[in-house]
Amino acid sequence: MSVTRVPEVSADVELLYRPFTFGRATLRNRIAMAPMTRNHSPGGVPGEDVVRYYARRARGGAGLVITEGTPIDHPGANGYRNVPAFYGKALAGWKRVVDAVHGEGALIVPQLWHVGSVRRAGMEPFPDVRGMGPDAIVEGGETVVSAMTQQDIHDVVASYARAARAAEETGFDGIEIHGAHGYLPDQFLWEHSNHRTDGYGGSLENRTRFSVEMVRAIRRQVSADFPVIFRFSQWKMSDYKAQIAADADELGRILRPLAAAGVDVFHASTRRFWEPAFEGSTESLAACARRLTGKPVIAVGSIGLAQQHETRKLRTRDNVGSEVADLGPMLAAMAREDFDLVAVGRGMLADAEWAHKVRGGDTASLNALTEDVMQALI
Ligand SMILES: Cc1cc2nc3c(=O)[nH]c(=O)nc-3n(C[C@H](O)[C@H](O)[C@H](O)COP(=O)(O)O)c2cc1C
């Protein structure tokens with residue numbers, strides 16, 4: 001008999017299965033599927049494969065599906081091949097995804113995405129368009145990213161607001177703003193990617209202005225009870241040690257104006273949900289965000305996954321063990337009301353039935369995360 005490293009799940013697992021009021025709807029549980037880019041939408045249109053992929057996780061018991069990042073209708077929004085857009089004919093594809101997910105009893109929000117300075121010219125669907133961000137970037141003597149003008153900022157903010165409106169019209173249950181991981185809103189927030197000397201750079205208040213204006217514009221375009229989630233992170237794709245806030249006080253100066261502007265839920269993106277956010281405290285980033293804003297918070301990062309290596313890339317399998325980790329610490333944190341919801345990423349890629357199996361105490365039969373899973377993203 002082999003030794004199993006899967007511990008017993010305590011009775012507290014029912015904490016995960018309490019309903020949660022989400023705008024005018026109710027989530028059947030506290031488990032969200034984390035947003036994960038798949039690059040499986042040729043031409044930017046989500047097809048039947050995408051419908052099946054999300055419907056499978058909804059059928060597997062997830063309460064909320066947060067879609068992969070989906071570029072808004074600004075020409076500089078996209079940075080990657082084969083990602084599903086959030087405008088034009090892509091919306092009919094998304095409608096089929098929404099209907100399928102609803103049919104399985106889950107709610108769904110799109111993750112609205114503008115990659116900002118990550119984009120390089122040549123990228124579909126507007127190959128001639130350069131990247132743009134808070135700062136210009138020159139590579140090999142050539143300007144590859146332009147610094148956004150006031151007009152650019154105005155245009156991008158308007159594009160986010162149109163996308164939010166389109167989400168409500170398409171039948172989504174809310175939206176998530178991708179304000180994390182070094183993409184456009186985060187580029188404004190992080191002092192290393194924002195050296196502006198106008199009202200969008202310099203002080204923390206100025207660096208938060210772009211996101212605040214965007215949230216306000218979104219609020220004007222959607223119903224008052226249409227939930228707006230804001231995902232933020234300290235870490236960036238380019239730097240796992242990066243910080244937008246050096247301490248809780250600074251984090252509050254970012255998150256509170258966003259809450260005042262109309263964010264309903266914060267999604268605190270970390271690689272390991274249990275780690276203290278700041279030195280000198282045991283509080284996690286999610287718990288800190290909840291205390292500072294009084295808003296519901298989603299925690300994420302290695303839930304159900306064995307400990308991962310410090311520096312290896314998130315999107316390769318070899319940085320996590322394939323064992324299913326003890327859910328006890330996560331449940332204890334939820335019992336302490338450190339956060340309200342959890343998002344599960346790689347665990348739910350590996351096993352679409354994650355939510356059902358965990359409730360049934362059947363963690364021993366959860367599929368392990370394998371190289372194939374990470375490559376196929378099906
Ligand atoms: C394949 C893959 C694609 C991802 N794409 C996105 C994305 O589009 N937007 C985003 O905010 N995070 C993205 N992430 C990060 C996840 O949402 C999540 O925060 C991260 O995987 C940690 O959660 P986990 O440990 O449960 O996987 C991605 C992660 C993976 C593994």
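User: Why is Ser302 called buried?

Analyst: Ser302 has a relative accessible area of 7%, and buried means under 20% relative accessible area, with exposed meaning over 50% and partly exposed in between, using a 1.4 Å probe and the protein chains only; Ser302 is therefore buried. This is a predicted model in which local features need pLDDT of at least 70 and side-chain atom pairs count only at pLDDT 80 or more, while totals for chains, interfaces and linings use all residues. Residues are numbered from 1 along each chain as its sequence is written, and side-chain values use heavy atoms, with hydrogens and water left out.

User: Where is Ser302, and what is its phi?

Analyst: Ser302 sits in the loop between strand E12 (297-300) and helix H8 (328-335), where helices (H or I, at least four residues) and strands (E, at least two) are DSSP runs numbered from the N terminus. Its phi is positive, about 65 degrees, although Ser302 is not a glycine.

User: Which residues come nearest to the ligand?

Analyst: Among the 20 residues around the ligand, the nearest are Pro35, Thr37, Arg231, Ser302 and Arg346, where a residue is near a molecule or strand if one of its heavy atoms lies within 4 Å of it.

User: What makes the approach of Thr37 to the ligand a polar contact?

Analyst: An N or O atom in the side chain of Thr37 is 2.6 Å from an oxygen atom of the ligand, and a polar contact is a pair of N or O atoms within 3.5 Å (within protein, one must be able to donate a hydrogen and the other to accept it, and residues adjacent in sequence count only if both atoms are side-chain atoms). For Arg231, an N or O atom of the side chain is 2.7 Å from an oxygen atom of the ligand. Taken alone, the ligand exposes 610 Å², and the protein buries 97% of that, with accessible areas coming from the Shrake-Rupley method with a 1.4 Å probe.

User: How do you know that the length of helix H2 agrees with its number of residues?

Analyst: The expected span is 1.5 Å times one less than the number of residues, so the 14 residues of H2 (residues 90-103) should span 20 Å, and the end C-alpha atoms are indeed 20 Å apart, which agrees. Buried residues in H2 are Ala90, Leu91, Gly93, Trp94, Val97, Val98 and Val101. They cover an arc of only 150 degrees around the axis, which puts them on the same side of H2, the arc being that of the directions from the helix axis to the C-beta atoms.

User: Why does Gln234 count as buried, and what does its side chain reach?

Analyst: The relative accessibility of Gln234 is 11%, so this residue counts as buried. Gln234 belongs to strand E10 (residues 228-236), and its side chain reaches the backbone nitrogen of Ile244 at 2.6 Å, while a polar atom of that side chain lies 3.0 Å from the backbone oxygen of Ala245.

User: Why is Arg219 called buried?

Analyst: Arg219, in helix H5 (residues 204-221), has a relative accessible area of 18% and is therefore buried. A polar atom of its side chain lies 3.0 Å from the backbone oxygen of Phe226.

User: Why is Asn39 called partly exposed?

Analyst: Asn39 has a relative accessible area of 28%, so it is partly exposed. Asn39 is in the loop between strand E3 (31-33) and helix H1 (48-59).
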